[in-house]
Structures are given as C-alpha cells and as structure tokens.
Amino acid sequence: MFWIKSRKLSQVSFLFSALLIFGCTSEVKDEVEVQTKSNELTEEELMIRQVENSLGITAAEKYDIQIEYKYINADTLQDALILVNRAEHAFQRAKNNDTERFFENTGYTAPHNHIFVKLGGVKKLLSTVAIGSNVKYPLEATFLELTSKAHQDFYVDYRIRNSMQRDYFTVRRNNIYKTFSCPVFDSVGVENPRVYDIQHRESSVRIAKDIALYHGEFEDYEPSEIEDVNNYTPKGIIGTDKLFVYFIFDDRTMKYKTPMGVAQEE
C-alpha cells in the first residue's frame, strides 16, 4: 500500500520552442506527434484524473490518494482500490462557512474520506457513499477472503470522535456493496470503554465466513494518561470468550444479517 499525489504537468513551453526551431511542416508535424505521445497518461494517472473529476477536485487543492492493486473480482485482470482523503478541503469549507468551532467539537467529522474501485478492463470507476469520519485520519484498508473464495473483500477502519468504526465491502457484478458495519472500540476516556475482538469465522454450512464480535479490552489502558481521547490508538486489543453478537452473510441482500444467539453459534 502506498501514497501518491501527482498531476501531469503540460510541456507547452517545450512545444512552443520546438515550433520556432522547426519551420518545415513535416518537421513540425513530427514534433507535435512526439509531444502528443509524451502527454499520454498512464492508467494510474487516468484513474487519478477520473477521481478528481468525480469529486470536483481542482488543481489548487492538496489531497491524499492511496492506491492498492489487488485481484478483487473473479477474473484474472488486476484491480485497484483507491482511497481519497480531502482534509484540506474540509477545513477550508469549515472556515468559509464560519463553522470551525463546530467542526472541532465534532472531532473534525465530515464526509471527505472516499472509496473508489477500478476493475481491470472496466473504464468506469465504482464508488461508495463518502465516509463521514475524522478527516485528520485517512481510511485504513485491509483485504480479506470473507464472502467468497473467488473474491477479495475489504474493510476500512476510520475514526469518529473517541471511537473507531469498521465498514466491510464486497464487489459483485460491477457494484460495490457495503455488507457490514460495526465498532472496533468506543467511549475512549472512560474507565470501561467498549472494546471488541472482531473474528471472521469459518462455517461448516456456509461459503462465506461469519463475523463474530467478542467483548475485549485495551492492553495497558490508563484513561487518566490519555491527552486526547479522539487521538487514542490502543497498544493492542485483548479478546475474551464473551460473545457479544454474531452475524451471517445473506448473498441475496449482500448483507450480514440479524445477529444470532449464542446457542446458534457454530
């Protein structure tokens, strides 16, 4: 996984000089052809251009874009997961609207973390609804085999005030589906915060793995030592054998469905 931020700069000055030097029509034509080829965008640059057009990002805006290449769907063409964070845009918008104090009080929460998927061989980008989260924290993505052995699912972790949330996604039939959403932890700063050990469990009767949330606790948690509850990153999460809730995948609705009771757990 890597971060990139690039825009192809035009070479107009170079072309202008070349036109002055070469007076012959054929020579100018050759130069223009060379220049056109040098300006051709790579597939990655085309993806970035599509993202900028989709979000209305101008050349003046600074933003972060993260691209990870994987084989997401069932074919043999390489795909790409694209994560975009527009923190600068979010802060500028709050300033322009005179809502900076409110923005700060909400833990800098705004819908400016974005998810796109570019499937190999497909021109159109797939996208989801923007993730309303702390814009100071870009999305963190993890791939896993979850709903099918033929697909790579992924989930993203994000921050909302003093909590961390997780959304799961799968790609089917050229669409992105959010299959599940749950907290990773919540209420950081209190004596007993809500902490979950999230497990992806094999099933003996289902192709898709089940998702089980067990009660957990932070490793070496000292609330009195936390300077900023919205910025807390636990040293680790210690799981327990206390099941909180259990979900199974319904491929008709592309959702993890109603929790199962402990007695139904496999």
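1. Let's start with the empty space: this structure holds one cavity of 30 Å³ or more. On a 1 Å grid over the protein atoms alone, a cavity is a set of points where a 1.4 Å probe fits but cannot get out, while a pocket is an open set with protein on both sides within 12 Å along at least five of seven lines. A residue counts as lining if it has an atom within 4 Å of a point. Grid points are joined across faces, edges and corners, and a volume is the space filled by probe spheres set on the points. The idea is simple enough: rolling a probe the size of a water molecule over the atoms shows where empty space is left.

2. Before you go on, keep in mind that this is a predicted model, in which local features need pLDDT of at least 70, side-chain atom pairs count only at pLDDT 80 or more, and totals for chains, interfaces and linings use all residues. Residues are numbered from 1 along each chain as its sequence is written, and side-chain values use heavy atoms, with hydrogens and water left out.

3. Back to the largest cavity, which holds about 40 Å³ of space. Its lining is made of Glu145, Leu146, Thr147, Ser148, Lys149, Glu202, Ile207 and Lys209. Sorted by class, that gives two nonpolar, two polar and four charged residues. For this sorting, Ala, Val, Leu, Ile, Met, Phe, Trp, Tyr, Cys and Pro count as nonpolar, Asp, Glu, Lys and Arg as charged, and the others, Gly among them, as polar.

4. Now for the largest pocket, with about 290 Å³ of space. It is lined by 14 residues, and the closest to its centre are Glu43, Met47, Gln78, Lys118 and Gly120. Two elements, α3 and β3 (79-85), give two or more residues to this lining. Helices (H or I, at least four residues) and strands (E, at least two) are DSSP runs, numbered from the N terminus. Which element gives the largest share of this lining? That is α3, with five residues. By class, the lining of the largest pocket divides into five nonpolar, four polar and five charged residues.

5. Helix α3 deserves its own look. It runs over residues 43-55, so to speak 13 residues, and reaches 19 Å from its first C-alpha to its last, close to the 18 Å expected at 1.5 Å a residue. That expected span is 1.5 Å times one less than the number of residues. Met47, Ile48, Val51, Glu52 and Leu55 of α3 are buried (under 20% relative accessible area; exposed is over 50%, partly exposed in between, with a 1.4 Å probe and protein chains only). These buried residues sit on the same side of α3 because they cover an arc of only 135° around the axis, the arc being that of the directions from the helix axis to the C-beta atoms. On the other side of α3, Glu43, Asn53 and Ser54 are exposed. After α3 comes glycine 56, with a positive phi near 70°.

6. The second largest pocket has a volume of about 190 Å³. Among its lining residues are Glu191, Pro193, His215, Phe218, Tyr221 and Lys242. β12 (210-218) and β13 (237-247) each supply at least two lining residues, and β12 gives the most, with four. The classes here come out as four nonpolar, four polar and three charged.

7. Leucine 81 is in strand β3. Is leucine 81 buried or exposed? It is buried, with a relative accessible area of 1%. Leaving aside neighbours within four places in sequence, leucine 81 is in contact (heavy atoms within 4.5 Å) with residues including Ile67, Ile72, Ile115, Val117, Phe143 and Phe154. Leucine 81 and valine 117 are 36 residues apart in sequence, yet 4.7 Å apart in space, C-alpha to C-alpha.

8. Histidine 112 belongs to strand β4 (residues 109-118). Histidine 112 is buried too, at 7% relative accessible area. Not counting residues up to four places away in sequence, histidine 112 touches Val84, Asn85, Arg86, His89, Ala90, Arg93, Ile131 and Val135.

9. Last stop: the loop between β9 (163-172) and β10 (175-186), home of arginine 173. Phi of arginine 173 is near 50°, a positive value in a residue other than glycine. Arginine 173 is exposed, with a relative accessible area of 61%. Asparagine 174 lies in the loop between β9 and β10, and its phi is positive as well, near 60°. Asparagine 174 is partly exposed, at 41%.
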